[in-house]
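Take a moment with the fold below before reading on. Then follow the text from one part to the next.

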Amino acid sequence: MRRRNFLLGTLGALGLGVGGAFAMRPGDNGAPHDEYFRALNEEVKKNGPMRPCMVIDLDRMDRNLDLVTETLRRGGKHYRIVEKSLPCQSLIRYVAERSGTKRLMSFHQPFLNTDAEMFPDFDILMGKPLPVHAAALFYKKLKGPFDPSRQLQWLIDTPARLQQYLQLAEGLGTRLRANIEIDVGLHRGGVDNNATLGEMLDIIAAHPQRLEFAGFMGYDGHVGLGVPRILGTAEELFAKVMAIYQGFVDYTRSRHPELWNDGLTLNTGGSPSYKLHEEEKLSSEVCVGTALLKPTHYDLETLAGHVPAAFIATPVLKATGPVMIPALDGKSRIFSWWDVNKRETFYIYGGYWLAEYESPKGLRFNTALGHSANQENITGSPAVGLQVDDQIFLRPAIVEGVLLQFGDLITLRGGKIRDYWPVYSQTD
(Lines give C-alpha, C1' and ligand atoms only; values in the text may rest on other atoms or scores of the structure.)
Protein backbone atom coordinates (compact mmCIF):
# COMPACT_ATOMS: atom_id res chain seq x y z
CA MET A 1 0.00 0.00 0.00
CA ARG A 2 2.80 2.40 0.85
CA ARG A 3 4.43 1.66 -2.53
CA ARG A 4 1.14 2.34 -4.31
CA ASN A 5 0.59 5.61 -2.43
CA PHE A 6 4.18 6.67 -3.16
CA LEU A 7 3.67 5.98 -6.86
CA LEU A 8 0.37 7.87 -6.98
CA GLY A 9 1.91 10.80 -5.13
CA THR A 10 4.82 10.92 -7.56
CA LEU A 11 2.50 10.85 -10.55
CA GLY A 12 0.46 13.65 -9.05
CA ALA A 13 3.54 15.79 -8.47
CA LEU A 14 4.39 15.32 -12.15
CA GLY A 15 0.94 16.42 -13.17
CA LEU A 16 0.01 12.98 -14.48
CA GLY A 17 -3.20 11.17 -13.79
CA VAL A 18 -3.19 7.41 -13.44
CA GLY A 19 -4.58 7.00 -16.95
CA GLY A 20 -1.99 9.29 -18.49
CA ALA A 21 0.82 7.60 -16.64
CA PHE A 22 -0.19 4.14 -17.77
CA ALA A 23 -0.35 5.37 -21.35
CA MET A 24 3.38 6.04 -20.98
CA ARG A 25 4.09 2.60 -19.55
CA PRO A 26 6.56 0.65 -21.71
CA GLY A 27 5.10 -2.09 -23.88
CA ASP A 28 6.46 -5.60 -24.18
CA ASN A 29 9.38 -5.54 -26.62
CA GLY A 30 10.30 -9.16 -26.12
CA ALA A 31 9.96 -12.09 -28.51
CA PRO A 32 11.60 -15.53 -28.55
CA HIS A 33 14.19 -16.65 -31.09
CA ASP A 34 12.70 -16.90 -34.57
CA GLU A 35 13.09 -20.12 -36.55
CA TYR A 36 16.61 -19.28 -37.77
CA PHE A 37 18.00 -18.39 -34.35
CA ARG A 38 16.07 -21.13 -32.58
CA ALA A 39 17.84 -23.72 -34.74
CA LEU A 40 21.16 -21.90 -34.35
CA ASN A 41 20.71 -21.82 -30.57
CA GLU A 42 20.26 -25.59 -30.47
CA GLU A 43 23.22 -26.20 -32.78
CA VAL A 44 25.63 -23.99 -30.83
CA LYS A 45 24.43 -25.42 -27.50
CA LYS A 46 25.00 -28.95 -28.78
CA ASN A 47 28.21 -28.56 -30.80
CA GLY A 48 29.65 -25.14 -29.95
CA PRO A 49 32.27 -24.15 -27.37
CA MET A 50 29.79 -22.63 -24.83
CA ARG A 51 31.81 -19.44 -24.65
CA PRO A 52 31.61 -16.21 -26.64
CA CYS A 53 32.31 -16.99 -30.28
CA MET A 54 31.98 -15.40 -33.71
CA VAL A 55 29.74 -17.37 -36.05
CA ILE A 56 30.00 -16.92 -39.82
CA ASP A 57 27.05 -18.24 -41.82
CA LEU A 58 28.61 -19.26 -45.13
CA ASP A 59 25.25 -19.63 -46.89
CA ARG A 60 24.36 -16.03 -46.07
CA MET A 61 27.85 -14.80 -46.93
CA ASP A 62 27.67 -16.61 -50.29
CA ARG A 63 24.54 -14.62 -51.11
CA ASN A 64 26.29 -11.35 -50.33
CA LEU A 65 29.49 -12.30 -52.15
CA ASP A 66 27.61 -13.35 -55.25
CA LEU A 67 25.83 -9.99 -55.32
CA VAL A 68 29.21 -8.24 -55.21
CA THR A 69 30.91 -10.35 -57.87
CA GLU A 70 27.94 -10.30 -60.24
CA THR A 71 27.68 -6.51 -59.96
CA LEU A 72 31.38 -5.96 -60.59
CA ARG A 73 31.44 -8.48 -63.41
CA ARG A 74 28.66 -6.63 -65.19
CA GLY A 75 30.66 -3.43 -64.78
CA GLY A 76 33.88 -4.97 -66.07
CA LYS A 77 35.63 -4.41 -62.72
CA HIS A 78 38.11 -6.57 -60.87
CA TYR A 79 37.27 -7.42 -57.29
CA ARG A 80 39.81 -6.78 -54.53
CA ILE A 81 39.22 -8.46 -51.14
CA VAL A 82 39.54 -6.25 -48.05
CA GLU A 83 41.62 -8.21 -45.56
CA LYS A 84 40.90 -6.08 -42.45
CA SER A 85 37.22 -7.00 -42.73
CA LEU A 86 37.95 -10.71 -43.21
CA PRO A 87 41.11 -11.24 -41.10
CA CYS A 88 41.36 -14.99 -41.47
CA GLN A 89 43.41 -17.00 -43.96
CA SER A 90 40.72 -19.61 -44.57
CA LEU A 91 38.03 -16.95 -44.97
CA ILE A 92 40.10 -14.97 -47.47
CA ARG A 93 40.93 -18.13 -49.41
CA TYR A 94 37.27 -19.12 -49.47
CA VAL A 95 36.21 -15.70 -50.79
CA ALA A 96 39.04 -15.66 -53.32
CA GLU A 97 38.15 -19.07 -54.72
CA ARG A 98 34.43 -18.39 -54.93
CA SER A 99 34.91 -14.96 -56.53
CA GLY A 100 37.84 -15.91 -58.75
CA THR A 101 40.09 -13.07 -57.61
CA LYS A 102 43.71 -12.96 -56.49
CA ARG A 103 43.66 -9.30 -55.48
CA LEU A 104 43.92 -8.37 -51.82
CA MET A 105 44.04 -5.13 -49.85
CA SER A 106 46.12 -5.22 -46.65
CA PHE A 107 46.26 -2.73 -43.76
CA HIS A 108 48.64 -4.00 -41.08
CA GLN A 109 52.30 -5.02 -41.32
CA PRO A 110 51.98 -8.36 -39.46
CA PHE A 111 48.94 -9.20 -41.60
CA LEU A 112 50.86 -8.20 -44.72
CA ASN A 113 53.66 -10.61 -43.93
CA THR A 114 51.10 -13.37 -43.37
CA ASP A 115 49.36 -12.50 -46.64
CA ALA A 116 52.61 -12.62 -48.59
CA GLU A 117 53.50 -16.01 -47.13
CA MET A 118 50.04 -17.60 -47.39
CA PHE A 119 49.04 -16.13 -50.77
CA PRO A 120 52.31 -16.01 -52.73
CA ASP A 121 50.56 -15.54 -56.09
CA PHE A 122 48.31 -12.64 -55.04
CA ASP A 123 48.61 -8.96 -55.94
CA ILE A 124 48.46 -6.90 -52.74
CA LEU A 125 47.58 -3.21 -52.46
CA MET A 126 48.05 -1.44 -49.13
CA GLY A 127 44.86 0.20 -47.89
CA LYS A 128 46.63 2.86 -45.84
CA PRO A 129 50.09 4.43 -45.84
CA LEU A 130 52.37 2.64 -43.40
CA PRO A 131 55.25 4.32 -41.56
CA VAL A 132 58.40 3.57 -43.52
CA HIS A 133 59.84 1.64 -40.57
CA ALA A 134 56.87 -0.73 -40.75
CA ALA A 135 57.55 -1.20 -44.46
CA ALA A 136 61.18 -2.00 -43.66
CA LEU A 137 60.02 -4.60 -41.13
CA PHE A 138 57.93 -6.24 -43.84
CA TYR A 139 61.01 -6.77 -46.02
CA LYS A 140 63.02 -8.01 -43.05
CA LYS A 141 60.39 -10.61 -42.15
CA LEU A 142 59.36 -11.60 -45.67
CA LYS A 143 59.28 -15.36 -46.29
CA GLY A 144 58.59 -17.39 -49.38
CA PRO A 145 58.47 -16.67 -53.13
CA PHE A 146 56.26 -13.57 -52.97
CA ASP A 147 57.98 -10.83 -55.04
CA PRO A 148 57.14 -7.34 -53.71
CA SER A 149 58.69 -5.64 -56.72
CA ARG A 150 55.95 -7.21 -58.88
CA GLN A 151 53.13 -8.05 -56.47
CA LEU A 152 52.97 -5.32 -53.81
CA GLN A 153 51.74 -1.74 -54.11
CA TRP A 154 52.62 0.62 -51.27
CA LEU A 155 50.06 3.36 -50.69
CA ILE A 156 51.72 6.78 -50.68
CA ASP A 157 49.88 9.91 -49.59
CA THR A 158 52.45 12.74 -49.54
CA PRO A 159 55.70 13.76 -51.24
CA ALA A 160 57.48 13.45 -47.87
CA ARG A 161 56.42 9.82 -47.47
CA LEU A 162 57.39 9.11 -51.06
CA GLN A 163 60.88 10.40 -50.31
CA GLN A 164 61.08 8.08 -47.30
CA TYR A 165 60.10 5.10 -49.41
CA LEU A 166 62.61 6.13 -52.06
CA GLN A 167 65.33 6.02 -49.41
CA LEU A 168 64.08 2.61 -48.30
CA ALA A 169 64.24 1.32 -51.87
CA GLU A 170 67.78 2.64 -52.25
CA GLY A 171 68.83 0.99 -49.01
CA LEU A 172 67.31 -2.33 -50.01
CA GLY A 173 68.55 -2.11 -53.58
CA THR A 174 65.07 -2.83 -54.91
CA ARG A 175 62.20 -1.20 -56.76
CA LEU A 176 59.00 -0.21 -54.97
CA ARG A 177 55.60 0.12 -56.61
CA ALA A 178 53.87 3.33 -55.46
CA ASN A 179 50.10 3.64 -55.59
CA ILE A 180 49.10 7.25 -54.86
CA GLU A 181 46.25 7.90 -52.47
CA ILE A 182 43.95 10.59 -53.82
CA ASP A 183 41.29 12.50 -51.90
CA VAL A 184 38.03 12.10 -53.82
CA GLY A 185 35.88 13.81 -51.20
CA LEU A 186 36.32 11.77 -48.02
CA HIS A 187 38.98 14.23 -46.76
CA ARG A 188 40.90 11.58 -44.83
CA GLY A 189 44.23 12.53 -46.32
CA GLY A 190 45.81 11.84 -49.66
CA VAL A 191 46.59 14.08 -52.60
CA ASP A 192 43.99 16.80 -53.09
CA ASN A 193 45.53 19.00 -55.77
CA ASN A 194 47.45 18.72 -59.01
CA ALA A 195 50.51 20.55 -57.71
CA THR A 196 51.15 17.93 -55.04
CA LEU A 197 50.41 15.12 -57.47
CA GLY A 198 52.82 16.64 -59.98
CA GLU A 199 55.57 16.78 -57.36
CA MET A 200 55.10 13.10 -56.55
CA LEU A 201 54.99 12.03 -60.19
CA ASP A 202 58.19 14.01 -60.84
CA ILE A 203 59.94 12.09 -58.04
CA ILE A 204 58.80 8.74 -59.45
CA ALA A 205 59.79 9.67 -63.00
CA ALA A 206 63.24 10.79 -61.83
CA HIS A 207 63.99 7.44 -60.15
CA PRO A 208 62.83 4.67 -62.52
CA GLN A 209 65.23 2.14 -61.00
CA ARG A 210 63.75 2.53 -57.53
CA LEU A 211 60.12 3.66 -57.98
CA GLU A 212 57.28 2.57 -60.22
CA PHE A 213 53.96 4.36 -60.56
CA ALA A 214 51.32 1.67 -59.90
CA GLY A 215 48.11 3.71 -60.02
CA PHE A 216 45.64 5.45 -57.74
CA MET A 217 43.52 4.55 -54.73
CA GLY A 218 40.49 6.83 -54.32
CA TYR A 219 38.37 5.53 -51.45
CA ASP A 220 34.82 6.91 -51.42
CA GLY A 221 33.69 5.70 -47.99
CA HIS A 222 31.56 8.81 -47.50
CA VAL A 223 29.24 7.81 -50.34
CA GLY A 224 26.22 6.13 -48.79
CA LEU A 225 27.67 6.20 -45.28
CA GLY A 226 27.91 9.00 -42.74
CA VAL A 227 27.03 12.07 -44.81
CA PRO A 228 23.64 13.67 -44.00
CA ARG A 229 21.31 13.31 -46.95
CA ILE A 230 20.67 17.06 -46.95
CA LEU A 231 24.28 17.50 -48.11
CA GLY A 232 23.80 15.22 -51.06
CA THR A 233 22.37 11.89 -52.11
CA ALA A 234 24.66 8.91 -52.65
CA GLU A 235 24.30 9.43 -56.40
CA GLU A 236 25.23 13.12 -56.18
CA LEU A 237 28.26 12.43 -53.98
CA PHE A 238 29.30 9.61 -56.29
CA ALA A 239 29.23 11.89 -59.33
CA LYS A 240 31.57 14.31 -57.53
CA VAL A 241 33.89 11.43 -56.59
CA MET A 242 34.27 10.30 -60.17
CA ALA A 243 34.77 13.86 -61.46
CA ILE A 244 37.64 14.38 -59.00
CA TYR A 245 39.13 10.99 -59.87
CA GLN A 246 38.91 11.76 -63.58
CA GLY A 247 40.71 15.06 -63.03
CA PHE A 248 43.72 13.36 -61.42
CA VAL A 249 43.82 10.76 -64.19
CA ASP A 250 43.71 13.43 -66.91
CA TYR A 251 46.46 15.42 -65.21
CA THR A 252 48.73 12.40 -64.92
CA ARG A 253 48.25 11.34 -68.52
CA SER A 254 49.08 14.83 -69.77
CA ARG A 255 51.91 15.60 -67.33
CA HIS A 256 53.66 12.21 -67.39
CA PRO A 257 52.36 10.10 -70.29
CA GLU A 258 55.43 7.87 -69.98
CA LEU A 259 54.17 6.67 -66.57
CA TRP A 260 50.74 5.73 -67.88
CA ASN A 261 49.83 2.24 -69.09
CA ASP A 262 46.74 0.04 -69.30
CA GLY A 263 47.92 -2.17 -66.44
CA LEU A 264 47.68 0.51 -63.76
CA THR A 265 45.54 -0.14 -60.71
CA LEU A 266 42.74 2.44 -60.51
CA ASN A 267 41.19 1.37 -57.22
CA THR A 268 38.05 2.80 -55.67
CA GLY A 269 34.83 1.88 -53.98
CA GLY A 270 34.04 0.26 -50.71
CA SER A 271 31.12 -1.67 -49.27
CA PRO A 272 28.65 1.25 -49.13
CA SER A 273 29.25 2.35 -52.72
CA TYR A 274 30.29 -0.68 -54.75
CA LYS A 275 26.98 -0.97 -56.60
CA LEU A 276 27.28 2.59 -57.90
CA HIS A 277 30.49 1.67 -59.72
CA GLU A 278 28.75 -0.74 -62.06
CA GLU A 279 28.18 1.90 -64.72
CA GLU A 280 31.30 4.10 -64.50
CA LYS A 281 34.15 3.24 -66.87
CA LEU A 282 37.10 4.91 -65.15
CA SER A 283 38.16 2.61 -62.32
CA SER A 284 39.68 -0.80 -62.95
CA GLU A 285 38.79 -2.43 -59.63
CA VAL A 286 36.61 -2.07 -56.54
CA CYS A 287 37.42 -3.19 -53.00
CA VAL A 288 34.71 -4.75 -50.82
CA GLY A 289 34.92 -6.58 -47.50
CA THR A 290 32.38 -5.61 -44.83
CA ALA A 291 29.40 -5.99 -47.18
CA LEU A 292 30.01 -9.74 -47.20
CA LEU A 293 29.07 -9.94 -43.50
CA LYS A 294 26.85 -6.83 -43.12
CA PRO A 295 27.27 -5.63 -39.52
CA THR A 296 24.76 -3.12 -38.15
CA HIS A 297 26.73 -0.04 -39.18
CA TYR A 298 26.15 -1.13 -42.77
CA ASP A 299 22.37 -1.35 -42.66
CA LEU A 300 22.30 0.99 -45.63
CA GLU A 301 20.02 1.62 -48.57
CA THR A 302 22.84 0.69 -50.94
CA LEU A 303 23.18 -2.71 -49.23
CA ALA A 304 19.48 -3.50 -48.95
CA GLY A 305 19.96 -6.77 -50.83
CA HIS A 306 22.61 -8.03 -48.39
CA VAL A 307 21.87 -10.08 -45.29
CA PRO A 308 23.70 -10.26 -41.93
CA ALA A 309 26.14 -13.18 -41.96
CA ALA A 310 28.22 -12.68 -38.78
CA PHE A 311 26.88 -13.12 -35.26
CA ILE A 312 28.37 -13.18 -31.79
CA ALA A 313 26.96 -16.14 -29.88
CA THR A 314 27.30 -16.34 -26.11
CA PRO A 315 25.55 -18.41 -23.43
CA VAL A 316 23.36 -17.26 -20.58
CA LEU A 317 25.19 -18.00 -17.33
CA LYS A 318 22.52 -16.89 -14.86
CA ALA A 319 18.83 -16.06 -14.95
CA THR A 320 17.96 -14.16 -11.77
CA GLY A 321 14.40 -12.94 -12.30
CA PRO A 322 13.17 -9.34 -11.98
CA VAL A 323 15.80 -6.63 -12.08
CA MET A 324 17.48 -5.92 -8.74
CA ILE A 325 19.50 -2.77 -8.08
CA PRO A 326 22.25 -2.88 -5.45
CA ALA A 327 21.30 -0.94 -2.29
CA LEU A 328 17.66 -0.72 -3.36
CA ASP A 329 17.20 -4.43 -2.77
CA GLY A 330 13.48 -5.25 -2.53
CA LYS A 331 12.49 -1.73 -3.56
CA SER A 332 13.85 -2.59 -7.00
CA ARG A 333 10.62 -4.42 -7.75
CA ILE A 334 9.00 -1.13 -8.68
CA PHE A 335 11.06 -1.14 -11.90
CA SER A 336 9.91 -4.57 -13.05
CA TRP A 337 6.33 -3.79 -12.00
CA TRP A 338 6.37 -0.71 -14.19
CA ASP A 339 8.36 -2.11 -17.13
CA VAL A 340 7.68 -5.63 -18.33
CA ASN A 341 11.04 -5.54 -20.13
CA LYS A 342 12.78 -5.63 -16.73
CA ARG A 343 11.05 -8.72 -15.39
CA GLU A 344 13.83 -11.08 -16.46
CA THR A 345 17.52 -10.52 -15.72
CA PHE A 346 20.33 -12.44 -17.37
CA TYR A 347 24.07 -12.52 -16.90
CA ILE A 348 25.87 -13.59 -20.03
CA TYR A 349 29.33 -14.98 -20.69
CA GLY A 350 31.44 -11.92 -21.55
CA GLY A 351 30.02 -8.72 -22.97
CA TYR A 352 30.69 -5.04 -23.68
CA TRP A 353 31.37 -5.75 -27.33
CA LEU A 354 30.96 -3.29 -30.18
CA ALA A 355 27.72 -5.04 -31.10
CA GLU A 356 23.94 -4.88 -30.81
CA TYR A 357 21.57 -7.49 -29.41
CA GLU A 358 19.89 -9.35 -32.27
CA SER A 359 18.06 -12.35 -30.82
CA PRO A 360 15.91 -12.90 -28.92
CA LYS A 361 14.25 -9.56 -29.51
CA GLY A 362 13.85 -7.04 -26.71
CA LEU A 363 17.07 -7.64 -24.78
CA ARG A 364 18.87 -4.57 -23.54
CA PHE A 365 21.83 -3.66 -21.40
CA ASN A 366 21.02 -2.83 -17.78
CA THR A 367 22.47 0.67 -17.39
CA ALA A 368 22.06 0.64 -13.60
CA LEU A 369 24.98 -1.74 -13.13
CA GLY A 370 27.36 -0.49 -15.81
CA HIS A 371 29.09 -2.55 -18.47
CA SER A 372 31.04 -5.73 -17.75
CA ALA A 373 33.32 -7.59 -20.15
CA ASN A 374 33.14 -10.56 -17.77
CA GLN A 375 29.40 -10.99 -17.09
CA GLU A 376 27.28 -8.39 -18.84
CA ASN A 377 23.89 -7.79 -17.21
CA ILE A 378 20.91 -7.60 -19.58
CA THR A 379 17.17 -7.52 -19.09
CA GLY A 380 14.12 -8.56 -21.06
CA SER A 381 10.51 -9.55 -20.73
CA PRO A 382 9.37 -13.14 -20.04
CA ALA A 383 8.52 -13.33 -23.76
CA VAL A 384 12.21 -13.76 -24.66
CA GLY A 385 11.98 -17.31 -23.33
CA LEU A 386 15.61 -17.66 -22.29
CA GLN A 387 16.98 -20.30 -19.91
CA VAL A 388 20.47 -20.85 -18.51
CA ASP A 389 22.80 -22.22 -21.25
CA ASP A 390 20.65 -20.78 -24.05
CA GLN A 391 22.56 -18.65 -26.53
CA ILE A 392 21.92 -15.01 -27.19
CA PHE A 393 23.06 -13.55 -30.50
CA LEU A 394 24.48 -10.12 -31.27
CA ARG A 395 25.37 -8.44 -34.54
CA PRO A 396 28.72 -6.66 -34.56
CA ALA A 397 28.49 -2.96 -35.35
CA ILE A 398 31.59 -3.32 -37.54
CA VAL A 399 33.68 -6.37 -38.37
CA GLU A 400 37.20 -4.94 -38.52
CA GLY A 401 38.80 -5.56 -35.15
CA VAL A 402 35.71 -7.27 -33.71
CA LEU A 403 36.31 -10.52 -35.61
CA LEU A 404 39.69 -10.80 -33.89
CA GLN A 405 38.24 -10.88 -30.35
CA PHE A 406 36.84 -14.42 -30.18
CA GLY A 407 39.54 -16.81 -31.33
CA ASP A 408 38.69 -19.14 -34.19
CA LEU A 409 35.73 -18.20 -36.38
CA ILE A 410 32.99 -20.83 -36.31
CA THR A 411 31.59 -21.43 -39.79
CA LEU A 412 28.09 -22.68 -40.53
CA ARG A 413 26.79 -24.52 -43.56
CA GLY A 414 23.14 -25.47 -43.74
CA GLY A 415 22.72 -24.30 -40.15
CA LYS A 416 25.31 -26.78 -38.86
CA ILE A 417 28.76 -26.04 -37.49
CA ARG A 418 31.21 -26.93 -40.21
CA ASP A 419 34.67 -25.79 -39.17
CA TYR A 420 36.85 -23.58 -36.96
CA TRP A 421 38.98 -21.05 -38.84
CA PRO A 422 41.86 -19.32 -37.00
CA VAL A 423 42.05 -15.53 -37.26
CA TYR A 424 45.21 -13.53 -37.91
CA SER A 425 47.63 -12.63 -35.14
CA GLN A 426 48.00 -8.89 -34.65
CA THR A 427 51.71 -9.27 -33.89
CA ASP A 428 54.56 -10.88 -35.77
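Contact means that heavy atoms lie within 4.5 Å of each other. Helices (DSSP runs of H or I, at least four residues) and strands (DSSP runs of E, at least two) are numbered from the N terminus. This is a predicted model, in which local features need pLDDT of at least 70, side-chain atom pairs count only at pLDDT 80 or more, and totals for chains, interfaces and linings use all residues. Residues are numbered from 1 along each chain as its sequence is written, and side-chain values use heavy atoms, with hydrogens and water left out.

Start with helix H11, residues 234–255. Its buried residues pack against helix H10 (194–206), strand S7 (211–219) and strand S8 (265–269). Buried means under 20% relative accessible area, exposed means over 50%, and partly exposed lies in between (1.4 Å probe, protein chains only). Which residues of H11 are buried? They are Ala234, Leu237, Phe238, Val241, Met242, Tyr245, Phe248, Val249, Tyr251 and Thr252. H11 has 22 residues and reaches 32 Å from its first C-alpha to its last, close to the 32 Å expected at 1.5 Å a residue. The expected span is 1.5 Å times one less than the number of residues.

Leucine 276 touches this helix. It sits in the loop between S8 and strand S9 (285–288). Leaving aside neighbours within four places in sequence, leucine 276 is in contact with Val223, Ala234, Glu235 and Phe238. Ala234 and Phe238 are among the buried residues of H11. Leucine 276 also has a distant partner in sequence: threonine 71 is 205 residues away along the chain, yet the two C-alpha atoms are 9.3 Å apart in space.

Now step back to the whole chain. How many helices and strands does the protein chain have? It has 12 helices and 17 strands. Its C-alpha trace spans about 90 × 50 × 40 Å along the principal axes. Of its 428 residues, 52% are buried. Take the contacts between residues at least 6 apart in sequence: 72% of them join residues at least 24 apart.

Next comes helix H3, residues 35–47. This helix has 13 residues and reaches 18 Å from first C-alpha to last, close to the 18 Å expected at 1.5 Å a residue. Aspartate 34 caps its N-terminal end, with a side-chain oxygen 3.2 Å from the backbone nitrogen of tyrosine 36. In H3, the buried residues are Phe37, Leu40, Asn41, Glu43 and Val44. Their cover includes strands S10 (310–321), S12 (355–359), S15 (391–396), S16 (409–413) and S17 (416–421).

After H3, look at methionine 50. It lies in the loop between H3 and strand S1 (53–57). Its phi is near 55°, a positive value in a residue other than glycine. Methionine 50 counts as partly exposed because its relative accessible area is 27%.

Strand S12 holds glutamate 358. Is glutamate 358 buried or exposed? At 17% relative accessibility, it counts as buried. Leaving aside neighbours within four places in sequence, glutamate 358 is in contact with Phe37, Phe311, Phe393, Leu394 and Arg395. Just along the chain, the peptide bond from serine 359 to proline 360 is cis, with omega near 0°. Proline 360 belongs to the loop between S12 and strand S13 (364–365).

Aspartate 62 lies in helix H4 (residues 58–74). This aspartate is buried, with a relative accessible area of 7%. Its side chain makes two polar contacts worth finding. A polar contact is a pair of N or O atoms within 3.5 Å; within protein, one must be able to donate a hydrogen and the other to accept it, and residues adjacent in sequence count only if both atoms are side-chain atoms. One joins the side chains of aspartate 62 and tyrosine 94 at 2.6 Å. Another links aspartate 62 to the side chain of arginine 413 at 2.9 Å.

Finish with two more aspartates. Aspartate 389 lies in the loop between strand S14 (377–380) and S15. Its phi is near 85°, a positive value in a residue other than glycine. Aspartate 389 is partly exposed, with a relative accessible area of 40%. Aspartate 147 is found in the loop between helix H7 (132–141) and helix H8 (148–151). The C-alpha atoms of aspartate 147 and tyrosine 357 are separated by 45 Å, with their places 210 residues apart along the chain.
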